[in-house]
Amino acid sequence: MQEKTKEIYLDSNASEPMRPEARDALVQSLTIMGNPASIHAAGRAARRVLEDARATVGRAVGAAPSEIVFCSGGTESNVAAITALSPGRTLLIGATEHDAVRAAGPCATILPVHQDGTLDLAALESALAAAGPALVCLMRANNETGVLHPIAAAAALCHAHGALLHVDAVQAAGRIPVDMAALGADTLALSAHKLGGPKGAGALVLKPGLHLPALIAGGGQERGRRGGTPALPAIAGFAAAIQAAGDAAHLAPLRDRLERAAIDAGAIVCGTGPRLPNTSCLALPGIAAHTQVITLDLAGIAVSAGAACSSGKITESRVLTAMGLADLAANAIRVSLPWNATAADVDAFIEAYCAMAQKKARVGRAAPPKPSVSHTLGSAGLSHGGISAAGTVAGAARPTQPSS
Amino acid sequence: MVYLDNQATTQCDPRVLAAMWPWFADHPGNPHSTEHQAGRRAADAVEAARAEIAALIGATPNEIIFTSGATEANNLAIKGAARFAAATERRRLITAATEHKCVLASVHDLAAEGFEPIILPVTEAGALDLEVLTAALHTPTLLVSIMAANNEIGVLHDLTTIAARAHAAGAHLHTDLAQAAGKIPLDMHAQDIDLASLSAHKLHGPKGIGALYVRRRPRMRLAALFSGGGQERGLRSGTLPTPLAVGFGEACRIARLDMNAEQTRIASLRDRLYAGLSARVPGLAMNAPTAPRLGGNISARFPGVRALDLIAACPDLAISTGSACTSADITPSHVLTALGLTPAEAASSLRIGIGRFNSPADIDTAIAQLCAAYAALAPARQAAAEA
């Protein structure tokens, strides 16, 4: 508490700190003055930066340069895919998808998830069988829990039923391998600032041969698929960041240590399916999520209660409710380690978190008996008995490669 | 290289780079994460930038919605206004033949949704004939979209008068300010404008950010182009790019303080360039010569040569045939065609855009190189024509 000047940022799922490689690429491209559509030397120099970036982003996700459509970010790429592909198709959207996806398909059929946060594949299959031509929208990794959907298996089901699959890979890219062919995606959304690039750039990746009408009509940029002068410095930073990112496997031991300490202090981990290596969604029964976030903020630690987009509003997590964890939804915070998180950051979090939990426990002794962990879990209908045993949860939390 | 294509894009001002830099380098916060310090700091910076943008155009900060650029702002204004009013009987959308491609494409897209796009012709001077506008407004009209300054020929439209005509007919007025902001005085409230689009990179800010002014009193209602996390009061979802917003704000602040002196200087450079070219290019003719235009703009025909050949012959000059978006097109510019130019005249037209960082020496270099290139190309052309 006394060291308030040092700020520890553990909210990377809201925005990753910029990687030095991205910063360098930005600096270089900021001084290029041309418009990439201009034919003079300045324009051609800008065009080269743009096309190099396109090739780099394509390589990172196993796509050809011509299949990369640059846009302003993850929200726009998700909405562009859904707007373009959904006419004439039934829209099937996972229950834990990002608001941008949910809002783009307000009349969609919602696909349920298991209590561990992963997609219910049997429910997907029956929805596909009932739907006729369909567009399925699923995230590779959830923004609040980090849970990974079994995308390859879902893609196989989609394609067996003639449906298209849009994958929101905004949280996954740069943290676990993301490959168009391995995932079986028809379209894929990426965001630069979620992988250590600058805010203001993203991409929609298209399966070869797929044509999309533009969401934003313009002067024919991006092969007529997205109007407007491309955001060159941000795009150059995006490419450098995705190239530098690799994966976030090195964060798993830090995250697991943080999580074990939190569990020992009384926390319950939400989302026990295969997960991103950097994310932990921790519920502390009896303390409102908002209070936890403010308490940690006062200790100089930045975390969030749910998605950043809705941080201003104080609502319970829709994601956790969809997982059958409604009882915990008002008490859960998201801790997401940035690419440059250190052991000292984790130590500081553990100290502040345990202090918060102990204070609650002291207050709780004077108050009516607090519900036990097992009671809370029971009322949420959970069956994984190992949740309070640190070893079991940490084991389940180990990052799983996207072979699923 | 001498950069004279400031209507395609402008060099990011070093002061803008300096303002953005800490936000790229040091602060990771998502400006929507207002629960922690990093997020609040980013949010404060974004709001300060919003106030600067508003100040440049005589608006209030809560009337500014950030977008990825003017193209998105134009799409949001036109499609958003039309879709919000989709249930009303007003179906007509009026714009002009010289508007930016993204405005024309937006009204074209809306035709498929049951709206009626009307593309008004312009006079030889590139101006809107107000009587033609008034006649078009006799059919109940939802929205009129007219740019403040043209991106190819620099012609300025009289927004105050157009706003009065549109409002008298019950229509809203949207204007594309991408080329005009920071170049001419603007006051959204005094000019009675409902919607206006801005681009940062046209006024020495960064690429990748723009804004839409949405009038509050009386309130202009829009449907969002895309929804999501509900940022920008639900009108524009997606994480705001804090550094770009900060850079945009700084660019607007500089433009507001320097505009008058800068435009006087730029106009004198433009006059110097045109005089220098006229002296050695017989028959050089300005397009839309009588119209009021941006201080830095020249759109001129070089008789007997193709502008593309001139550009190729001057590799050290960054100049263009017209809009950057369509630079690679070989079809004649829709703007020049709308002025009544023949395809050959359009193909001989060069656009030169003078900006903040051009010096008198740049102008003299441009005169020397263009005149030498013209002298080399013109006889070849004449010989070919005579053969």
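In what sense do β3(B) and β4(B) pair, and over how many bridges? I began my notes with this question, and I keep in mind throughout that the model is predicted.

**Entry 1: the pair I started from**

I looked up the two strands and found that β3(B) and β4(B) pair in the parallel sense, with five bridges between them. To have a fixed point to return to, I noted one residue pair, in which B:Leu93 stands opposite B:Pro117 of β4(B).

**Entry 2: the whole sheet**

I then followed the pairing outward and wrote down an open sheet of seven strands in chain B, whose order is β2-β8-β7-β6-β5-β3-β4 and whose pairing is mixed. At the edges I found β2 (64-67) and β4 (116-120) of chain B, each of which pairs on one side only. From one strand to the next, the twist averages 20 degrees. As a reminder while looking at side chains, I added that in a regular strand they alternate between the two faces of the sheet.

**Entry 3: strand β5(B) and its neighbours**

Is strand β5 of chain B, residues 141-145, mostly covered or mostly open? I recorded it as mostly covered, since five of its five residues are buried. On one side I traced four bridges from β5(B) to strand β3 (residues 92-96) of chain B, and these two strands run parallel. Here B:Val144 of β5(B) has B:Ile94 standing opposite. I also traced three bridges between β5(B) and strand β6 (residues 172-176) of chain B, again with the strands running parallel. Within that pairing, B:Leu143 has B:His172 of β6(B) as its bridge partner. Following the chain onward from β5(B), I passed through helix α6 (residues 159-168) of chain B before reaching β6(B), and I noted this β-α-β crossover as right-handed.

**Entry 4: the two domains of chain B**

Next I looked up how chain B is divided, and I wrote down domain 1 as 2-6 + 259-386 and domain 2 as 14-253. The centres of domain 1 and domain 2 of chain B, taken over C-alpha atoms, are 29 Å apart. Their contact takes 25 residues from domain 1 of chain B and 21 residues from domain 2 of chain B. On the domain 1 side, I listed α8, β10 (297-301) and α10 (334-338) of chain B as each supplying at least two residues. The largest share of that side comes from α10(B), with four residues. By class, the residues on the domain 1 side are 10 nonpolar, 12 polar and three charged.

**Entry 5: where chain B touches chain A**

How many residues of chain B are in contact with chain A? I recorded 60 residues of chain B, in contact with 63 residues of chain A. The elements giving two or more residues to the chain B side are α1 (14-25), α2 (37-56), α3 (70-84), α4 (101-111) and α8 (242-280) of chain B. Of these, α4(B) gives the most, with five residues. I sorted the chain B side by class and noted 25 nonpolar, 29 polar and six charged residues.

**Entry 6: a look at chain A**

I closed with chain A, for which I noted 15 helices and 12 strands. Of its 404 residues, 61% count as buried. I also looked up contacts in chain A between residues at least 6 apart in sequence, and found that 72% of these join residues at least 24 apart.

Note on methods:
Residues are numbered from 1 along each chain as its sequence is written. Chains are lettered from A and ligands numbered from 1 in the order in which they are written. This is a predicted model: local features need pLDDT of at least 70, side-chain atom pairs count only at pLDDT 80 or more; totals for chains, interfaces and linings use all residues. Two residues are in contact if their C-beta atoms, placed from the backbone, lie within 7 Å. Ala, Val, Leu, Ile, Met, Phe, Trp, Tyr, Cys and Pro count as nonpolar, Asp, Glu, Lys and Arg as charged, and the others, Gly among them, as polar. A residue is buried if 20 or more other C-beta atoms lie within 10 Å of its own, exposed if 12 or fewer, and partly exposed in between; C-beta atoms are placed from the backbone. Two strands pair if DSSP finds at least two bridges between them. A crossover is right-handed if, with the strands pointing away from the viewer, the path from the first strand over the helix to the second runs clockwise. Domain bounds come from an automatic or database domain assignment. Axes are lines fitted to C-alpha atoms, for helices over the stretch in contact, and angles run from 0 to 180 degrees between N-to-C directions.
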